[in-house]
Amino acid sequence: MKSTTPALKKAKKTRREPARRRKGDETAASEAGRFYYKGNRQKQIRAFVYTVKLGTLTRAAEALFLSQPTVSLQLQALERELGVNLLERRRRRINLTDAGEALYELARPLVEGWENLDRDFQTRVKGLQGGRLTIAAGSSTIQYLLPDIVRRYRERFPQVQLQLANVTGKDGLALLRADEADFAVGSMLDVPNDIAWAPVYHYDPMLITPPDHPLASRATVTLQDLSPYGLILPPQRLSTYRLVDLVFQQRQVPYHVAIEVGGWDVIKEYVAMGLGISIVTGICITDADRSRLAVRNMKQYFPQRSYGVVMRKGKFLSAEARAFVDLVRPGLLTHRDYDDSGHSER
């Protein structure tokens with residue numbers, strides 16, 4: 001049997017000790033990193049919200065001025081602490097789990113509130129003496145519904161920079177989801193699950209014709225009575241066209257569109273010129289219109305249109321935004337059903 005000299009034993013022990021120390025150092029470093037991230041819940045939540053909001057770790061890291069590994073460590077620590085998977089990493093995109101969606105709804109207003117704290121504090125102390133407010137709205141809303149509200153808002157808060165983004169409904173939702181608009185004012189047909197909708201104003205559908213048109217003198221007008229006459233409607237991509245088409249299709253009544261053109265004022269002008277008839281929303285009918293057009297309520301056939309405040313669920317509204325919404329309807333944001341999704345009242 002081969003004996004081992006004391007010198008050889010010492011050499012082997014010396015070789016093993018650095019390995020143990022290295023392993024111990026790595027474990028200690030790992031634990032230190034783990035507890036470092038564990039002790040910064042605010043940073044973890046912020047990293048989580050930015051990652052979900054921007055869609056990738058890379059974009060979140062750029063927005064937070066951090067490295068991608070740092071953001072990844074913060075997310076891992078958050079998941080480990082909560083004991084659930086929050087994110088599903090699929091190629092370049094990141095998707096939320098059910099637990100992640102629940103946390104995101106809770107965390108996003110907290111993060112936005114924290115980041116707006118300085119501005120909102122100054123607003124509370126000094127009043128609305130500055131700031132910026134961006135509202136998404138369609139042409140008819142901007143032209144017919146908002147002028148009086150905007151006038152009152154400007155009188156009370158002249159220092160707030162107000163931007164009205166003239167967009168279609170689809171583009172307005174995109175602005176809300178990208179946080180490029182505080183909220184929207186307008187009409188909706190269907191309400192997505194991530195959007196909150198609070199209808200405030202309701203308008204009946206109106207048939208407009210020239211005063212000397214055959215339909216103008218009739219005691220009653222049915223849907224079938226409209227068939228022989230060419231309709232002047234907004235473009236097909238807009239909700240008014242789709243609603244009119246849906247009603248005729250459901251009742252199996254033939255119709256034809258003579259002119260597609262954007263803008264209620266243009267449509268009313270063309271009808272007054274005798275180029276066709278139209279179904280418009282009551283929001284655009286003025287006293288001047290009634291003096292040059294025959295106007296008839298068609299609510300027995302076409303659905304009522306509702307206009308109100310549209311915003312992304314969980315959105316933290318600034319003081320500037322809340323002040324405007326209060327002018328639309330006081331206390332609207334405290335309504336208990338405000339965060340319910342579903343179909344609008346039309």
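# Briefing: pockets, helices and buried spots

Thr 141 is buried, at a relative accessible area of 2%. That value, like the rest here, comes from a predicted model. The chain runs to 346 residues, and 42% of them are buried. Its secondary structure adds up to 13 helices and 12 strands. Among contacts with a separation of 6 or more, 75% join residues 24 or more positions apart.

**Two buried residues to start from**

- Thr 141 sits in helix H7.
- Leaving out residues up to four places away in sequence, Thr 141 touches Leu 146, Pro 147, Val 185, Gly 186 and Tyr 307.
- One of those partners, Gly 186, is 45 residues from Thr 141 along the chain, yet their C-alpha atoms are separated by 6.0 Å.
- Ile 195 belongs to strand E6, and with a relative accessible area of 0% it is buried too.
- Ile 195 also has a partner far along the chain: Lys 313 is 118 residues away, with 5.3 Å between the two C-alpha atoms.

**Helix H9**

- H9 covers residues 169–177, and its buried residues include Gly 172, Leu 173, Leu 175 and Leu 176.
- These four cover an arc of only 160° around the axis, so they are on the same side of H9.
- The cover over the buried residues of H9 includes five strands: E3 (132–137), E4 (161–166), E5 (183–187), E6 (195–203) and E12 (305–312).
- After H9 comes Asp 179, which has a positive phi, near 60°.

**Helix H11**

- In H11, the buried residues are Trp 264, Ile 267, Lys 268 and Val 271. A lysine is on that list.
- Here the arc around the axis is only 95°, which puts these residues on the same side of H11.
- Helices and strands both help to cover them: the list includes H7, H10 and helix H12 (287–292), along with strands E7 (205–209), E8 (231–233) and E10.
- Gly 274, just after H11, has a positive phi of about 85°.

**The largest pocket**

- The volume of the largest pocket is about 970 Å³.
- It has 39 lining residues, and the closest to its centre are Val 167, Thr 168, Gly 169, Leu 238 and Ser 239.
- At least two lining residues come from each of E3, H7 (139–145), H9, E5, H10 (239–250), H11 (264–272) and E12. Both helices described above, H9 and H11, are therefore part of the wall of this pocket, because each supplies at least two of its lining residues.
- By class, the lining splits into 18 nonpolar, 15 polar and six charged residues.
- Where does this pocket lie with respect to domain 2 and domain 3? It lies between them, because domain 2 (129–201 + 306–328) and domain 3 (205–303) both give residues to the lining.

**The second largest pocket**

- This one has a volume of about 580 Å³.
- Its lining consists of 18 residues; nearest the centre are Val 52, Leu 96, Tyr 104, Arg 108 and Asp 194.
- Helix H2 (41–54), strand E2 (93–96) and helix H5 (98–115) are among the contributors, each with at least two residues.
- Nine of the lining residues are charged, with five nonpolar and four polar.
- Domain 1 (40–121) and domain 2 (129–201 + 306–328) each provide at least three residues of the lining.

**The enclosed cavity**

- How many cavities of 30 Å³ or more are there? The count comes to one.
- The largest cavity holds about 110 Å³ of space.
- Its lining is made up of Tyr 203, Asp 204, Pro 205, Thr 240, Leu 243, Val 244, Ile 279, Val 280, Thr 281, Phe 302, Pro 303 and Arg 305.
- H10 and strand E10 (278–281) each supply at least two of these residues.
- Eight of the lining residues are nonpolar, two are polar and two are charged.

**Elements that turn up again**

- H10 supplies residues to the lining of the largest pocket and to that of the largest cavity, and it also helps to cover the buried residues of H11.
- H7, where Thr 141 sits, helps to line the largest pocket and is part of the cover over H11's buried residues.
- E10 takes part in lining the largest cavity and in covering the buried residues of H11.
- E3, E5 and E12 help to cover the buried residues of H9, and each gives at least two residues to the lining of the largest pocket.

Methods:
Residues numbered from 1 in each chain as written. Predicted model: local features only at pLDDT ≥ 70, side-chain atom pairs only at ≥ 80, totals over all residues. Heavy atoms only, no water. Buried < 20%, exposed > 50% of the residue type's maximum accessible area, 1.4 Å probe, protein only. Arc of directions from axis to C-beta. Contact = heavy atoms within 4.5 Å. 1 Å grid on protein atoms, 1.4 Å probe; cavity = no way out; pocket = protein on both sides within 12 Å on 5 of 7 lines; lining within 4 Å. Points joined across faces, edges and corners; volume = space filled by probe spheres on them. Nonpolar A, V, L, I, M, F, W, Y, C, P; charged D, E, K, R; others polar. Domains from an automatic or database assignment.
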